[in-house]
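Biologist: Hi! Could you pull up the model so we can walk through it together?
Modeller: Sure, here it comes.

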Amino acid sequence: MHARKLIAAAAAAGALALAALPAADAAPKGKSVVIRDNRFAPTSVSVAKGATVTWAWRGKAAHNVHVSSGPARFTSPNKVSGSWSRRLTKKGSYAIVCTIHPGMKMSLTVK
Ligand SMILES: [Cu+2]
């Protein structure tokens, strides 16, 4: 009886340890970038492959998010409010600009 209780306790502890591990397919932690008039904040972001980056518009003028060079190209709509997200599935360095204000730049690294 005593041995059986010990085995049950050990099995329960093992199940708890497994439950504490993150799922193998859990998405890497995402990051957020705020878009103001006229800058991205922060101007440099690094995420793991598979993570999602969300841009949130907080200014008064229209802005967009455009990859000018990088392993994948994408362009957001021109927006003045709300947010837009992109999941990054290709590793590398992305140079991002607002095409309306070419002085607005940021870099994104996907590792
Ligand atoms: Cu802009």
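Biologist: In what order do the strands of the open sheet with mixed pairing run, the one that includes strand 2 and strand 6?
Modeller: The order is 2-1-4-6, so to speak, in an open sheet of 4 strands with mixed pairing. One thing to keep in mind as we go: this is a predicted model.

Biologist: Which strands stand at the edges there?
Modeller: Strand 2 (39-41) and strand 6 (83-87). Each has a single partner strand, so one side of each is left without a neighbour in the sheet. From one strand to the next, the twist averages 20 degrees.

Biologist: Nice. In which sense do strand 1 and strand 2 pair?
Modeller: Strand 1 (residues 31-36) pairs with strand 2 in the antiparallel sense, over 3 bridges. If you want a spot to click on, V34 stands opposite A41 in strand 2.

Biologist: And strand 1 with strand 4, parallel or antiparallel?
Modeller: Those two run parallel, joined by 5 bridges. Look for I35, which stands opposite W57 in strand 4.

Biologist: How many bridges are there between strand 4 and strand 6?
Modeller: There are 5 bridges, and strand 4 and strand 6 pair in the antiparallel sense. One of the places to look is A56, whose bridge partner in strand 6 is S83.

Biologist: Remind me, what holds paired strands together in general?
Modeller: Strands of a sheet pair through backbone hydrogen bonds, and they can be parallel or antiparallel.

Biologist: OK, on to strands 3, 8, 7 and 5: what do they form?
Modeller: An open sheet in the order 3-8-7-5, again 4 strands with mixed pairing. Strand 3 (44-47) and strand 5 are the edge strands, each pairing on one side only. The twist here averages 30 degrees from one strand to the next.

Biologist: How does strand 5 pair with strand 7?
Modeller: In the antiparallel sense, over 3 bridges. In that pairing, S69 stands opposite A95 in strand 7.

Biologist: Let's switch to the metal. Which residues coordinate the copper ion?
Modeller: H63 through ND1, C98 through SG, H101 through ND1 and M104 through SD, at 2.0 to 2.8 Å. Along the chain, these donors follow the spacing H-x34-C-x2-H-x2-M.

Biologist: Where do H63 and H101 lie?
Modeller: H63 is in the loop between strand 4 (52-57) and strand 5 (66-69), while H101 is in the loop between strand 7 (92-97) and strand 8 (105-110), so the pair ties together parts that are 38 residues apart in sequence.

Biologist: Are those two histidines buried or exposed?
Modeller: H63 is buried, and H101 is buried too.

Biologist: Why is the arrangement around the copper ion called irregular?
Modeller: Because the 4 donor atoms subtend angles of 82 to 135 degrees. Four donors count as tetrahedral if all angles lie between 85 and 135 degrees, and the low end of 82 misses that window. For reference, the ideal angle for four tetrahedral donors is 109.5 degrees.

Biologist: Stepping back, how many helices and strands does the chain have?
Modeller: It has 1 helix and 8 strands. Read along the sequence, the pattern is α-β-β-β-β-β-β-β-β.

Biologist: And what share of the chain is buried?
Modeller: Buried residues make up 26% of the 111 residues. The chain exposes about 6,900 Å², with carbon and sulfur atoms supplying 59% of that.

Biologist: Last one: what about the contacts in the chain with a separation of 6 or more?
Modeller: Residues 24 or more positions apart account for 49% of them.

Conventions:
Residues numbered from 1 in each chain as written. Predicted model: local features only at pLDDT ≥ 70, side-chain atom pairs only at ≥ 80, totals over all residues. Heavy atoms only, no water. Donors = N, O, S within 2.8 Å, 3.2 Å for Na, K, Ca; no water. Tetrahedral: all angles 85-135°; square planar, octahedral: opposite > 155°, others 65-115°. Buried < 20%, exposed > 50% of the residue type's maximum accessible area, 1.4 Å probe, protein only. Contact = heavy atoms within 4.5 Å. Areas by Shrake-Rupley, 256 points an atom, 1.4 Å probe, with all protein chains shown as cover. Pairing = 2+ DSSP bridges. Axes fitted to C-alpha atoms, helices over the stretch in contact; angles between N-to-C directions.
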